[in-house]
Every structure is written in structure tokens, then in C-alpha cells.
Amino acid sequence: KKETDVGTIDMIVGLVELRGLGSLFQSADITFLASLVFGSFGFGATELFRRSFSLAFFTEGSDGGEELILLAAAAVACVVTAAAACPFEVLRVKSMGLVEPKDWKDVLKRFLNEKKGMESDVSSSFWDYKPQDYLPLWSGFSPTVSRELPFAVMKFLTFDVLAKFLTDSANQNLLDEGAIPLQVGVGTAGLAISAISGAFAGIAGAIVSHPADLILTLTSASTRDSNQAMDWRDIVTDLLSKPGGIANLFIGLPARCIFFFLVIGLQFFLYDYVKSIFEVGSDDLSLVLDVFYAVREGLVDVA
């Protein structure tokens, strides 16, 4: 088969036959750590910047602009989150490129020794490295942002649009019956909307960010054959020159869509579920905005 003809199922079967069932879970530890940072920190940072931007740019009675505020918050949060998660992402890509699976600690030591021009001695202690030895862990910051920025923006935009559509559609019937309207992330139905919207938001984000993810992975994997990684432009040119053309930029997309369908759906569900447990919702934002608006307009004396 041609490289572009190898589907997700063929790849899974080939990996299991060649290296066993455990190969499907290679780098699971580092992937979990990276997903934990991207998910938890990303959601919190987006919410923080969303509320901050709303406070800074919205005034009483203003309407519209919510999507623009959301996109700006997601973009700024993406940059901050990428800085925090970059070391985990660099190690994840390095680990995925190994023929034999290694523990994340061994992957980290091999990476640090490689950057120092030393032999891959994994018996050394982390205390043997100086603070500046860890700086290469942020070498992938720019590529990570180039991948995460379109993913984050598309993810939150798709979730916002789809969740509003599902909520409005459901509330049309509920209001006719005199029932309490649904809210996203509130109650069983609201949490279901969060999970469904998040799952499809994950697919949308995976599609728009997949070429950048593929190029990032191939750039890192190219160091296995040489001491210097290939330039990303050379990788793009090579992919486009092969049979299949631009479709080669989306090799492995089905597997990534399945992964983020499950992961992002679960992230939105858990995020709204935890918010419901601590009773944090849109009313809190409205209350905060009302208070600060009153202070800013001199309606409340804070002296």
C-alpha cells in the first residue's frame, strides 16, 4: 500500500502485530501529563481571561461581542498554557518517536543529555543538571503555539456555537410546556449538552490543527536519523510532493479525531460538573461585573 492508503485500523493492526498490544499505549504517562496541563490549565486560563476581558470591555447594557471576547481569551490563554505545557509536549513527541517505549524520566534524561552533547546515561540524577540545562524543554514553544492556537480557538468557538444551538433548540420546546429552561453544564441535560458539544469541538479542533501537529511530530522524529532536525518547510515540501498532495498533511487524522472526540468531550463535561459542584456559574460573572461597574461609575463609595 502507498503511505497515504494506510488507514487507522491498518496502523493499529500493524503496531499490535509488530510490537504487541502495549505499543498502543506508548507514552501514555507523558500524554496524560500533557493533556492534564493543556486541559485543566487551559480551561481555567480561558475562563480567567474571558471574565477579565468582559470586565474591561463590556459596559452596562452592552450586547454582542461575546464570541470575539471568547476568541481573544482562548488565544491569550493558549499562549500562556503552551508555555506551561511545552516541556511535557516536547517529551511526548520525543517519546512517541522511540522504537522501544521508555519511562518519562528516562526520556527526559536522554533529552537533556542529548542537548548537552553527552551520552544517554539515564542513571544520573536530576540534581546533576543545572537550571539552564532544562531550557531546551521550551525549544518547541513556537511550534506548540502554532498547533495549539488554531486548536484552542476552534475548540471554544465550536463549543460555544453548538452548545447555544442545542440549548436554544431544547428550550423552545421546554418554554412551550412551561418548564424550566436548560442551561449549559447545569443538571443532567445541561451536562449532556456540554459533553456532546465538547466532543464535536474536539473534532473541529483536531481537523484545523492536524497539519501543524503532523509537521511538529515529523520535525522531532527527523532527529533520529541526524543530529539536526529537518526544517519544517522541507517537511511540508516533501509531503506535498508525494502522491496524494495536500491530503498528506492529514495523515493520521481519523485517530486524532477519535482521541479528541473522547478527551475534549470528557474535559468539558468534567469542567462544568466541577463548576456545578462548587456552584460557580454565569450568575457569579454577572454579579462581579455589576459590582465593578458600579465602582467604576462612582455608584458605590469604596472609601
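A crossing of two helices is right-handed if the near helix is turned clockwise from the far one by less than a right angle. This term is used in the legends below, which describe close-up views of a predicted model.

**Figure 1. The protein chain as a whole is built from helices.** The predicted model contains nine helices and zero strands. Read along the sequence, the pattern is α-α-α-α-α-α-α-α-α. The protein chain has 303 residues, of which 34% count as buried. Among contacts between residues at least 6 apart in sequence, 70% join residues at least 24 apart.

**Figure 2. Helix 2 passes helix 8 in a right-handed crossing.** The axes of helix 2 and helix 8 come within 11 Å and cross at roughly 50 degrees. That angle makes helix 2 oblique to helix 8. On the side of helix 2, the residues that meet helix 8 are Thr31, Ser35, Gly39, Phe43 and Glu47. Their counterparts in helix 8 are Phe259, Gln267, Phe268, Tyr271 and Lys275. Sorted by class, this contact has four nonpolar, four polar and two charged residues.

**Figure 3. Helix 2 and helix 3 form a roughly antiparallel pair.** Helix 2 covers residues 28-57, and its axis comes within 7 Å of the axis of helix 3. The two axes cross at roughly 165 degrees. Angles over 145 degrees count as roughly antiparallel, and helix 2 and helix 3 are therefore assigned to that class. The crossing of helix 2 and helix 3 is right-handed. The residues of this contact divide into 23 nonpolar, six polar and three charged.

**Figure 4. Helix 3 meets helix 4 at a crossing of roughly 95 degrees.** Helix 3 spans residues 66-96 and helix 4 spans residues 104-116, and their axes come within 10 Å. The crossing angle makes helix 3 roughly perpendicular to helix 4. Helix 3 contributes Val90, Leu91, Lys94 and Ser95 to the contact. Helix 4 contributes Val107, Leu108, Phe111 and Glu114. By class, the residues of the contact between helix 3 and helix 4 are five nonpolar, one polar and two charged.

**Figure 5. Cys78 and Cys257 are shown in a structure with zero disulfides.** A disulfide is a covalent bond between the sulfur atoms of two cysteines. A search of the whole structure finds zero such bonds. Residues under 20% relative accessible area count as buried. Cys78, at 5% relative accessibility, is therefore classed as buried. Cys257 has a relative accessibility of 13% and likewise counts as buried.

**Figure 6. Asn171 is a buried residue of helix 5.** Helix 5 runs over residues 141-176 and includes Asn171. The relative accessible area of Asn171 is 12%, so this residue counts as buried. Leaving aside its neighbours within four places in sequence, Asn171 is in contact with Pro181 and Leu182.

**Figure 7. Ala247 lies in the loop between helix 7 and helix 8.** This loop joins helix 7 (232-241) to helix 8 (253-277). At 44% relative accessibility, Ala247 counts as partly exposed. Ala247 and Pro211 are 36 residues apart along the chain, and their C-alpha atoms are separated by 9.7 Å.

Methods
Residues numbered from 1 in each chain as written. Predicted model: local features only at pLDDT ≥ 70, side-chain atom pairs only at ≥ 80, totals over all residues. Heavy atoms only, no water. Axes fitted to C-alpha atoms, helices over the stretch in contact; angles between N-to-C directions. Helix = DSSP H or I, 4+ residues; strand = E, 2+ residues; numbered from the N terminus. Parallel < 35°, antiparallel > 145°, perpendicular 65-115°, else oblique. Contact = heavy atoms within 4.5 Å. Nonpolar A, V, L, I, M, F, W, Y, C, P; charged D, E, K, R; others polar. Disulfide = S-S within 2.5 Å. Buried < 20%, exposed > 50% of the residue type's maximum accessible area, 1.4 Å probe, protein only.
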